[in-house]
Amino acid sequence: EVSDFSEEMMVMRGFTERRLDLFLQSMRREGIERIDYKAILTPVNSRWNSCQLYQELKKEHEQMNSRQTP
């Protein structure tokens, strides 16, 4: 169980897929540092506390990165 974390998380709500793409593109264009742990608020994760959300995002991030490594 996690009681603290050092990575930044970004939690978003009300984004369409198109608006999310534009938002993330504009962050890159403006030189805003990448945030690896991003989530769209859902009925399921809206009930989680920040540590639970962090654990899930960390697990997903590790799984996605392990697939990219040969």
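Two rings of Phe, Tyr or Trp count as an aromatic pair here if their centres lie within 6.5 Å, and the pair is called stacked when the planes are under 30 degrees apart. With that in hand, let's walk through this model, which is a predicted one.

Searching the whole structure for such pairs turns up three. Take Phe5 and Tyr54: their ring centres sit 4.5 Å apart with 10° between the planes, so by the cut-off of under 30 degrees this pair is stacked. Where do the two partners come from? Phe5 belongs to the segment before β1 (9-12), while Tyr54 is part of helix α2, so the pair ties together parts that are 49 residues apart in sequence.

The two rings' residues don't share a burial class. Tyr54 has 4% relative accessibility and therefore counts as buried, whereas Phe5, at 25%, counts as partly exposed. Tyr37 joins in as well: together with Phe5 and Tyr54, Tyr37 makes up one aromatic cluster.

Now hop over to Asn45, in the loop that runs between β2 (37-40) and α2 (50-68). Is this loop residue buried or exposed? Asn45 counts as buried, because its relative accessibility is 11%, and the cut-off for buried is under 20%.

What does the Asn45 side chain reach? One polar contact goes to the backbone oxygen of Ile40, at 3.0 Å. Another goes to the backbone nitrogen of Thr42, at 2.7 Å. If you set aside the neighbours within four places in sequence, Asn45 is in contact with Ala39, Ile40 and Leu53.

Methods. Residues are numbered from 1 along each chain as its sequence is written. This is a predicted model: local features need pLDDT of at least 70, side-chain atom pairs count only at pLDDT 80 or more; totals for chains, interfaces and linings use all residues. Side-chain values use heavy atoms; hydrogens and water are left out. Helices (H or I, at least four residues) and strands (E, at least two) are DSSP runs, numbered from the N terminus. Buried means under 20% relative accessible area, exposed over 50%, partly exposed in between (1.4 Å probe, protein chains only). A polar contact is a pair of N or O atoms within 3.5 Å; within protein, one must be able to donate a hydrogen and the other to accept it, and residues adjacent in sequence count only if both atoms are side-chain atoms. Contact means heavy atoms within 4.5 Å. Rings of Phe, Tyr and Trp (its six-membered ring) pair if their centres lie within 6.5 Å; planes under 30 degrees apart count as stacked, over 60 as edge-to-face and the rest as tilted.
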